[in-house]
Amino acid sequence: MRKTMVRYALVGYGKVAHVHAKAIREAKESSLVAVWGRNKEKAEAFAAEWNITPFTDMQQMVKQEKVDAVIITTPHPLHKKHAITALQAGAHVLVEKPMALTVSECDAMIEVAKQEKKQLGVISQRRWFPASQRIRKAIDDGKLGTPMIGQVTMLGWRDEDYYNSDPWRGKWDSEGGGVLINQAPHQLDLLCWYLGPVKEVYAQWENVNHPYIEVEDTAVGTVRFESGAIASILVSNSQKPGIHAKVHVHGSSAASVGVQTDGGAMFIAGRSGIAEPPITDLWTIEGEQENIEVWKTEDTNLFNSIDPVAYF
């Protein structure tokens, strides 16, 4: 008989861990049973808040609580170590973005998942926005012909208080990068979901107005995909209080589609909500142009009827 209830555990007890805990509690056929942390007192405090069992030994947690899947929410440099430990303990693993700090670390995690015959994934929740799904379906249905041009534009803001909120933020050795590795991965993920594997990248980065951090707050790039498609990327944390984040795709049929994943001030886990609903903001497919207003209404109504942080 197929098991329906998935038993989850969290690795880490910081701000984003609370977001995942709430989402698991609201998801069907899901149960949050445990949390792991290096600091016993902090793990116990998190566990008491969510009525789950705390652990400082990950293998013991997986085995004792019969954990099916672990979600990694620890700081970036620890993702590889914690993911591999959970995989080898017998759990499937979902990792908060970024997957790890380097390609070699990611490759090592993938290899262990294959060896252990476990699933390994990375948080990519913006794929589930209805507006994002519409683009994927239009591509699958051939309505764009061949997707040939992509655009990512993310113009957001992070202030000094944000970078001071955790000691690992804004440093090469502990965050691994800036806007590219921490704020823009969701939009970059959508771009690759729509256009496929990447062949070549040319890019430049700059720190425009954050002298108190080591890493980039702005980057621009061009990408060529294995399919032959090309794309432009402009991502930045330097526009106060935040403008928007958008992903657009243009096809060989001359049709264009797009999603505004974020509007206004960017969401910060544990500190702010999502400012504006994700919407379809571009749609020129012949005969479907007027759908955009209907979809904007639908997306806004859904956004207003749920807690979007936990829902998507």
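Here are five short exercises, each with a worked solution, on the predicted model shown above.

Before you start, note that residues are numbered from 1 along each chain as its sequence is written, and that side-chain values use heavy atoms, with hydrogens and water left out. In this predicted model, local features need pLDDT of at least 70 and side-chain atom pairs count only at pLDDT 80 or more, while totals for chains, interfaces and linings use all residues.

**Exercise 1. Two helices**

Task: Work out how the axes of α6 and α10 are oriented to each other, and which residues make the contact.

Solution. Start with the elements: helices (H or I, at least four residues) and strands (E, at least two) are DSSP runs, numbered from the N terminus. Helix α6 covers residues 130-140 and helix α10 covers residues 291-305. Two packed helices are described by the angle between their axes and the distance between the axes.

Next, take the geometry. The two axes come within 10 Å and cross at roughly 140°. Axes here are lines fitted to C-alpha atoms, for helices over the stretch in contact, and angles run from 0 to 180 degrees between N-to-C directions. Angles under 35 degrees count as roughly parallel, over 145 as roughly antiparallel, 65 to 115 as roughly perpendicular and the rest as oblique. Therefore α6 and α10 are oblique to each other.

Now look at the side chains. P130, A131 and R134 of α6 meet W295, E298, D299 and L302 of α10 (contact means heavy atoms within 4.5 Å). Sorted by class, this contact has four nonpolar, no polar and three charged residues. For this sorting, Ala, Val, Leu, Ile, Met, Phe, Trp, Tyr, Cys and Pro count as nonpolar, Asp, Glu, Lys and Arg as charged, and the others, Gly among them, as polar.

**Exercise 2. Aromatic pairs**

Task: Find the geometry of the pair Y162 and Y163, then do the same for W172 and W205.

Solution. A pair of aromatic rings is described by the distance of the centres and the angle of the planes. Rings of Phe, Tyr and Trp (its six-membered ring) pair if their centres lie within 6.5 Å; planes under 30 degrees apart count as stacked, over 60 as edge-to-face and the rest as tilted. A search of the whole structure finds six aromatic pairs.

For Y162 and Y163, the centres are 5.0 Å apart with 80° between the planes, an edge-to-face pair. Relative accessibility is 3% for Y162, which counts as buried, and 4% for Y163, which is also buried (buried means under 20% relative accessible area, exposed over 50%, partly exposed in between, with a 1.4 Å probe and protein chains only).

For W172 and W205, the ring centres are 5.6 Å apart and the planes stand at 70°, so this pair is edge-to-face. W172 lies in the loop between α7 (160-164) and α8 (179-183) and W205 in strand β8 (residues 198-206), so the pair ties together parts that are 33 residues apart in sequence. W172 is partly exposed at 38%, and W205 is partly exposed at 49%.

**Exercise 3. A cluster and two charges**

Task: Which residues do ring pairs link into a cluster, and which ring does R158 lie over?

Solution. Ring pairs join Y162, Y163 and Y212 into a cluster. R158 lies over the face of Y162, at 4.6 Å from the ring centre. Elsewhere, R136 lies over the face of W193, at 5.9 Å from the ring centre. A charge sits over a ring if NZ of Lys or CZ of Arg is within 6 Å of the ring centre and within 35 degrees of the ring normal.

**Exercise 4. Unusual backbone**

Task: Where do P98 and K117 lie?

Solution. Most residues other than glycine have a negative phi, and most peptide bonds are trans. The K97 to P98 bond is cis, with omega near -5°, and P98 sits in the loop between β5 (92-95) and α5 (103-116). K117 has a positive phi near 55°; this residue lies in the loop between α5 and β6 (120-122) and is exposed at 72%.

**Exercise 5. A buried glutamine**

Task: Is Q187 buried or exposed, and what is Q187 in contact with?

Solution. Q187 belongs to helix α9 (residues 185-195). Its relative accessible area is 1%, so Q187 is buried. Leaving aside neighbours within four places in sequence, Q187 is in contact with R126, V152, M154, A245, V247, T261 and D262.
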